[in-house]
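Here's a walk through the cysteines, contacts, charged pairs and odd backbone spots of one chain. Have the model open while you read.

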Amino acid sequence: MATMLAVMMAIVVVTGITSALHPSSNVEVVEATTLHLRGEFVESNLGTAIEPDGLATVRIIAEQYDFVPRCVRVPADTPVKFRLTSADVVHGFLLPDTNVNTMVVPGFVAEVRTRFDAPGEYAMPCHEFCSLGHQAMWGHVSVQPKDQFAKLTPVKRTSCVPE
Ligand code: CUA
């Protein structure tokens, strides 16, 4: 009995250390202290980009207590890839009634892929307690008709926050 328990405990510990100690989406590191200075998450690169293959990539920074940008526009009936990271503590990223649900951990990039069949509005709450202002950390995803994104050039980023 003791041997069985020891073996099972060893399996749990070894697999935990070798296979599971990372964020739930993917293992991609980023320097959290210089997000605003260089790299993928500089302010001018946040929001929605339309890739050459038509896929929409949305880049968002989660920070106490807001998402930047707070409101993102994405096209309907298009593959959408969300890429997020945190500037400070662990946040959550959830779009109710979709497959989008991940933690946003500082130092890592969280990536989630989805598709919205029709135009509509989605609440984007932080669902990981991130300190005293957590309950006020809400964003918004606005899914808009696909033809509204046809003219977005490769270097252009868009969001529904007034520019
Ligand atoms: Cu951010 Cu809770």
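## Cysteines

C126 is buried, at a relative accessible area of 6%, and C130 is buried too, at 4%. Here buried means under 20% relative accessible area, exposed means over 50%, and partly exposed is in between, with a 1.4 Å probe and protein chains only. Before going further: this is a predicted model, so local features need pLDDT of at least 70 and side-chain atom pairs count only at pLDDT 80 or more, while totals for chains, interfaces and linings use all residues. Residues are numbered from 1 along each chain as its sequence is written, and side-chain values use heavy atoms, with hydrogens and water left out.

How many disulfides does the count come to? Just one, taking a disulfide as a pair of cysteine sulfur atoms within 2.5 Å. C71 is joined to C160, with 1.9 Å from S to S. This pair links distant parts of the chain, 89 residues apart: C71 sits in strand β4 (residues 71-75), and C160 in the segment after β10 (138-144). Helices (H or I, at least four residues) and strands (E, at least two) are DSSP runs, numbered from the N terminus. The torsion about the S-S bond of C71 and C160 is about -90°, so this disulfide is left-handed. As for the two ends, C71 counts as buried at 15% relative accessibility, whereas C160 counts as partly exposed at 29%.

## Around V104

Now pick out V104, which belongs to strand β7 (residues 101-104). V104 is buried, with a relative accessible area of 0%. Leaving aside residues up to four places away in sequence, V104 touches A62, L84, T85, S86, V89, V90, H91, G92 and F93; contact means heavy atoms within 4.5 Å. Try a C-alpha check as well: V104 and E63 are 41 residues apart in sequence and 9.7 Å apart in space.

## Aromatic rings

A pair of aromatic rings is described by the distance of the centres and the angle of the planes. The cut-offs go like this: rings of Phe, Tyr and Trp (its six-membered ring) pair if their centres lie within 6.5 Å, and planes under 30 degrees apart count as stacked, over 60 as edge-to-face and the rest as tilted.

Searching the whole structure turns up three aromatic pairs. One of them is F67 with F93, whose ring centres are 6.3 Å apart and whose planes are at 65°, so the pair is edge-to-face. F67 lies in strand β3 (residues 66-68) and F93 in strand β6 (residues 91-94), so the pair ties together parts that are 26 residues apart in sequence. Both F67 and F93 are buried. Add F82, and F67, F82 and F93 form one aromatic cluster. F93 is also among the residues that V104 touches.

## Charged pairs

How many salt bridges does a search of the whole structure find? Seven, where a salt bridge is a side-chain nitrogen of Lys or Arg within 4 Å of a carboxyl oxygen of Asp or Glu. Take E28 and R83, with their closest N and O atoms 2.5 Å apart. E28 lies in the loop between α1 (2-20) and β1 (47-50), and R83 in strand β5 (residues 79-86), so the pair ties together parts that are 55 residues apart in sequence. E28 counts as partly exposed at 27% relative accessibility, while R83 is buried at 7%.

D66 and R70 form another salt bridge, the closest N and O atoms being 2.6 Å apart. D66 is buried at 18%, whereas R70 is partly exposed at 47%. R113 also bridges to E111, at 3.3 Å between the closest N and O atoms. A network of salt bridges links E28, E40, R59, R83, E111 and R113.

## Backbone oddities

Two cis peptide bonds are worth a look. The bond from Q64 to Y65 is cis, with omega near -5°, and Y65 is in the loop between β2 (56-63) and β3. V68 and P69 are also joined by a cis peptide bond, with omega about -5°; P69 lies in the loop between β3 and β4.

Then there are positive phi values. D77 is not a glycine, yet its phi is near 55°; D77 is in the loop between β4 and β5 and counts as partly exposed at 36% relative accessibility. S131, also no glycine, has a positive phi of about 115°. S131 is placed in the loop between β9 (120-125) and β10, and counts as partly exposed at 27% relative accessibility.
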